[in-house]
Amino acid sequence: MKHFPIFLNLEGRKVVLSGGGEAALAKLRLILKTEAKVTVFAPDAAPEIRDWAAQGRLTLIERPLCTGDAADAALFYAADEDHTEDARTAALARADGALVNIVDNLHDSQFITPAIVDRDPVTVAIGTEGAAPVLARAIKTDLEERLPASLGTLARIGKGFRTMAEKLPFGAARRTFWSDYYFNAGPRAIGGGESAVEAALDDLLHDHLTRKARPGHVDLVGAGPGDPDLLTLKARKALDQADVVIHDRLVTPEILELARREAILIDAGKQGFGKAMAQEVINALIVEHGGRGHHVVRLKSGDPTVFGRLDEEVEAIEAAGLSYTIVPGITSASAAVAGIGQSLTKRGRNSAVRFITGHDTKGYAEHDWRALAEPGQVAAIYMGKTSARFVQGRLLMHGADPATPVTVIENASRADQRVIATTLCALEPTLTDAALTGPALIFLGLAPRAANAAAQSFVPNQEAL
């Protein structure tokens, strides 16, 4: 992001524009919506600009911009529609200390003006950093249709009521009140005018002040393998409503960005064989925040029902008398197998697939190695990086074919996904040589399809094969 979006207070501040044609008119129609003091320099101004000057909406000076004309200006627009003149006026304005925008010249501009949906005081700004103005206009059109004209009136009345609403406890209680106002009570009352809306606000506040405090609630949410586009709609809603998000180390920053800006984010930091927050501490955090009446989201990578220690957290929640919802996510095996163009089951090959873990609370996990070593078996091995040599040895010891295909997928579904195609006999040292740093899932019995293997692959040491 090159351009950081902000809302600049222009009340009573100076904005200068050089130009008097169509480009100047387009900018002025937007700037005149603000409370800025606008000055236009144009030897030959369009009739509309002259009319605005006659109405006192701006000051028109009918000459070219000179040194010092942009002094004390917050913003300057070069809109002469002439490259040489725009460069000259922009240089003068920069020397005067103003932020400069040159119309249709993104490269030399210090700021850009976004497309705007105006429901004053509600303002939606849409920017594409100059890459796709047509897309920005399409989004603006869509939002114009979705946002009722009365929204601005409701927001203005609500703004004046904010001090009264502070009688409610901070957090969920206030959010519920404002949600009721903007989506229920306010729209119902707006037909009766502003006085009816104000009366509805008073009644609504009394109702919320006399309500019993709502108990906390916990959502146990699957964040999926890492790609935010793979989040379920229910997971997105939970993040949007959360007061507290307690997340695993593997939940990606892109997904955490979807949480409410005001939400408390707590890194539970669980990591196999490394520094970790004890499960008992995580349980206590969930119960503590839920007991305060907060909406807690326990955000787990993948699916919480697959090697997510879900039962331990549910038992703690139930013991505290809190309500909870389990929101499933896409487990890593589903995302990873899609990434190599395969399916977990296939007629004539395997009618069952095993999800197993490389280690458990006691260390390396033991399984039915003899059954797993049989031809045609498919298994997804979670948390298998550190136990790969152990798994390899157990399978070979129980008669598995050394040429059995094995695929390792690191950072499944993410932009930096990496696929390592090997065989059981070469799993180690191939895995060590790959120097994996991200979460990885090992598939026993599956190789990438040719088209997927050609994409992003790690080529193992051929001598090991």
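Modeller: Before we start, here's the yardstick: buried means under 20% relative accessible area, exposed means over 50%, and partly exposed is in between. Keep in mind that this is a predicted model.

Biologist: Got it. Why is Asp51 called partly exposed?

Modeller: Asp51 has 44% relative accessibility. Partly exposed runs between 20% and 50%, so Asp51 counts as partly exposed. You'll find Asp51 in helix α2, which covers residues 47-54.

Biologist: What makes the patch with Asp51 a negative one?

Modeller: Its members are Glu22, Glu48, Asp51, Glu81 and Asp104. Asp and Glu count as negative, so the patch gets that label.

Biologist: How do you know that Asp118 and Lys33 form a salt bridge?

Modeller: The cut-off is a side-chain nitrogen of Lys or Arg within 4 Å of a carboxyl oxygen of Asp or Glu. Asp118 and Lys33 meet at 3.6 Å, N to O, so the pair passes the test. The structure holds 21 salt bridges.

Biologist: Why can you say that the Asp118 and Lys33 pair ties parts together?

Modeller: Look at where the two partners are: Asp118 lies in strand β6 (residues 115-119), while Lys33 lies in the loop between α1 (22-31) and β2 (37-41). Those parts are 85 residues apart in sequence, so the pair ties them together.

Biologist: And are these two buried, partly exposed or exposed?

Modeller: Asp118, at 30%, is partly exposed. Lys33 has 56%, which is over 50%, so Lys33 is exposed.

Biologist: What makes Arg88 and Glu85 a salt bridge?

Modeller: Same kind of check: their side chains meet at 2.8 Å, N to O, and the limit is 4 Å. Both residues lie in helix α3 (residues 83-95), three residues apart, or about one turn of the helix. Arg88 has 33% relative accessibility, so Arg88 counts as partly exposed. Glu85 has 21%, so Glu85 counts as partly exposed too.

Biologist: Let's try Arg260. Why is Arg260 called buried?

Modeller: Arg260 has 14% relative accessibility. That is under 20%, so Arg260 counts as buried. The side chain of Arg260 meets that of Glu262 in a salt bridge (3.3 Å, N to O). Glu262 has a relative accessible area of 53%; over 50% means exposed, so that is the label Glu262 gets.

Biologist: What makes a network out of Arg175, Asp243, Arg260 and Glu262?

Modeller: Shared partners! Salt bridges with partners in common join these four residues into one network.

Note on methods. Residues are numbered from 1 along each chain as its sequence is written. This is a predicted model: local features need pLDDT of at least 70, side-chain atom pairs count only at pLDDT 80 or more; totals for chains, interfaces and linings use all residues. Side-chain values use heavy atoms; hydrogens and water are left out. Patches are made of residues with over 30% relative accessible area and no salt bridge: like charges are joined within 9 Å, nonpolar side chains (Val, Leu, Ile, Met, Phe, Trp, Tyr) within 5 Å. Accessible areas come from the Shrake-Rupley method with a 1.4 Å probe; for residues, only the protein chains shown count as cover. The place of a charge is taken as NZ of Lys, CZ of Arg, CG of Asp or CD of Glu. Helices (H or I, at least four residues) and strands (E, at least two) are DSSP runs, numbered from the N terminus. Buried means under 20% relative accessible area, exposed over 50%, partly exposed in between (1.4 Å probe, protein chains only).
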